[in-house]
Amino acid sequence: MRRKHGLGDALSSGAQQAITEQSYGPVIAAISQLPDAGKQDGSIREDADPGDFLQLTGALWRAASGPEDRSPRMPALILDGLRARP
């Protein structure tokens, strides 16, 4: 049985570190717009930050493909966890 590997599996740890160091700041700046807008309109909880969102969604590209693939339902779970409660 052939297993498909995700991007995380394909990169060496050194390559992953270099990419992370170069891209973390710009990615966090871009992602900040999402929770900030949600906080303003009350749809995102006040204690959520861009790092939370990045770490939670990071699980999506590491999700196994095949019968165990949980990635289709993970975005809804992530967003539900970020949603503000009345």
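Modeller: Before we start: contact here means heavy atoms within 4.5 Å. And keep in mind that this is a predicted model.

Biologist: Fine. Which residues is M74 in contact with, leaving aside its neighbours within four places in sequence?

Modeller: A59, L60 and A63. M74 itself sits in helix α4, and its C-alpha atom is 9.4 Å from that of A63, eleven residues away along the chain.

Biologist: Why does M74 count as buried?

Modeller: Its relative accessibility is 18%, and buried means under 20%. So M74 falls on the buried side of the cut-off.

Biologist: On to the helices. What makes α3 roughly antiparallel to α4?

Modeller: The axes of α3 (residues 50–58) and α4 (residues 74–82) cross at roughly 160 degrees, coming within 10 Å. Angles over 145 degrees count as roughly antiparallel, so that's the label for this pair. As for handedness, α3 passes α4 in a right-handed crossing.

Biologist: Which residues meet there?

Modeller: From α3 you get F53, L56 and T57, and from α4 you get I78, L79 and L82. Sorted by type, that contact has five nonpolar residues, one polar and no charged ones.

Biologist: And what makes up the largest nonpolar core?

Modeller: Six residues: I31, I44, A48, F53, I78 and L82. To form such a core, residues have to be buried and joined through side-chain atoms within 4.5 Å.

Biologist: What does A48 touch, not counting residues up to four places away in sequence?

Modeller: K39 and L82. L82 is also one of the core residues, and it takes part in the meeting of α3 with α4.

Technical notes
Residues are numbered from 1 along each chain as its sequence is written. This is a predicted model: local features need pLDDT of at least 70, side-chain atom pairs count only at pLDDT 80 or more; totals for chains, interfaces and linings use all residues. Side-chain values use heavy atoms; hydrogens and water are left out. Axes are lines fitted to C-alpha atoms, for helices over the stretch in contact, and angles run from 0 to 180 degrees between N-to-C directions. Helices (H or I, at least four residues) and strands (E, at least two) are DSSP runs, numbered from the N terminus. Angles under 35 degrees count as roughly parallel, over 145 as roughly antiparallel, 65 to 115 as roughly perpendicular and the rest as oblique. A crossing is left-handed if the near helix is turned anticlockwise from the far one by less than a right angle, and right-handed if clockwise. Ala, Val, Leu, Ile, Met, Phe, Trp, Tyr, Cys and Pro count as nonpolar, Asp, Glu, Lys and Arg as charged, and the others, Gly among them, as polar. Buried means under 20% relative accessible area, exposed over 50%, partly exposed in between (1.4 Å probe, protein chains only).
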